[in-house]
Amino acid sequence: MEKEPVAFFGQLLRRYRESAKLSQSRLAQRAGFDHSYVSRLESGRRAPTREAIMRLAEALELGPADRDSLLAAAGFLPEQTEHLFGSEPVLGEVVELLQRTDVPEQIREDLRQLLALVVRQVKRALVGIGSIGESEDEIPSGTGWTPRWPGRAASHGVL
């Protein structure tokens, strides 16, 4: 499982490098790395550090959104969280609300439960699962979906 983000990062790095029409050696030189480092990153044999990603992004002359995509692909938080959500800015607002300490914990927990319910309902619609009363334990294992919110499950019902 640990290799998946590294492999995805390598694919994205290769795409940016090829777009910039740079060889692996030239990119490594521009970023101040050994010539084989970029090859190991692109093949997924090596995981980058945050600093390495920043140097590579600078060498590739990437804009903030593309740099943040590289960071996220390697499992790092982007510098600007709105870049994680692309054309869905409301998701950035939701994350901000969930992280704000001036919002009471019970309200944040209610928001988590509401989001969990919405996600569960959409998953059911997508895989054609029956009634609203089913639990996420009854979602077929082949879907790859598992609950991602900590805490107890939201009560079932319709919004």
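Student: How are H4 and H5 oriented to each other, roughly parallel or roughly antiparallel?

Tutor: In this predicted model, H4 and H5 pack with their axes 10 Å apart, at an angle of about 150 degrees. Angles over 145 degrees count as roughly antiparallel. The two helices H4 and H5 are therefore roughly antiparallel.

Student: Which residues of H5 meet H4?

Tutor: The crossing of H4 and H5 is right-handed. On the H4 side, the residues in contact are Arg50, Ile53, Met54 and Ala57. By class, this contact has 5 nonpolar, no polar and 2 charged residues. The residues of H5 that meet H4 are Arg67, Leu70 and Leu71.

Student: Which residues of H5 are buried?

Tutor: Buried means under 20% relative accessible area. Arg67, Leu70 and Leu71 of H5 take part in the contact with H4, and they are among the buried residues of H5. The full set is Arg67, Asp68, Leu70, Leu71 and Ala73.

Student: How are H2 and H3 oriented to each other, roughly parallel or roughly perpendicular?

Tutor: Helix H2 covers residues 24-31 and helix H3 covers residues 35-43. Their axes lie 7 Å apart and make an angle of about 115 degrees. The range from 65 to 115 degrees counts as roughly perpendicular. H2 and H3 are therefore roughly perpendicular.

Student: How many nonpolar, polar and charged residues are in the contact of H2 with H3?

Tutor: H2 and H3 make a right-handed crossing. Gln24, Ser25, Leu27 and Ala28 come from H2, and they meet His35, Val38, Ser39 and Glu42 from H3. Sorted by class, the residues of this contact are 3 nonpolar, 4 polar and 1 charged.

Student: Which helix supplies the largest share of the largest nonpolar core?

Tutor: This core has 23 residues, and those touching the most other members are Phe9, Leu13, Leu27, Phe33, Leu56, Leu60 and Leu70. At least two residues of the core come from each of H1, H2, H3, H4 and H5. The largest share is 6 residues, and its source is H4.

Student: Which residues is phenylalanine 9 in contact with, leaving aside neighbours within four places in sequence?

Tutor: Phe9 is one of the residues that touch the most other members of the largest nonpolar core. Its contacts, with those sequence neighbours left aside, include Leu56 and Leu70, which are also listed among the residues touching the most other core members. The complete list is Leu41, Pro48, Ile53, Leu56, Leu70, Ala73 and Ala74.

Student: Is lysine 21 buried or exposed?

Tutor: Lysine 21 sits in the loop between H1 and H2. Its phi is near 55 degrees, a positive value in a residue other than glycine. With a relative accessible area of 74%, lysine 21 is exposed.

Student: What is the relative accessible area of glutamate 61?

Tutor: Glutamate 61 lies in the loop between H4 and H5. Its phi is positive, near 60 degrees, and the residue is not glycine. A relative accessible area over 50% counts as exposed. Glutamate 61 is exposed, with a value of 63%.

Student: What phi does glycine 75 take?

Tutor: Glycine 75 comes just after H5. Its phi is positive, at about 95 degrees.

Student: How many helices and strands does the chain have?

Tutor: The chain has 159 residues, of which 31% count as buried. From the N terminus, its elements run α-α-α-α-α-α-α. The secondary structure comes to 7 helices and 0 strands.

Note on methods
Residues numbered from 1 in each chain as written. Predicted model: local features only at pLDDT ≥ 70, side-chain atom pairs only at ≥ 80, totals over all residues. Heavy atoms only, no water. Axes fitted to C-alpha atoms, helices over the stretch in contact; angles between N-to-C directions. Helix = DSSP H or I, 4+ residues; strand = E, 2+ residues; numbered from the N terminus. Parallel < 35°, antiparallel > 145°, perpendicular 65-115°, else oblique. Left-handed = near helix turned anticlockwise from the far one by under 90°. Contact = heavy atoms within 4.5 Å. Nonpolar A, V, L, I, M, F, W, Y, C, P; charged D, E, K, R; others polar. Core = buried A, V, L, I, M, F, W, Y, C linked by side-chain atoms within 4.5 Å. Buried < 20%, exposed > 50% of the residue type's maximum accessible area, 1.4 Å probe, protein only.
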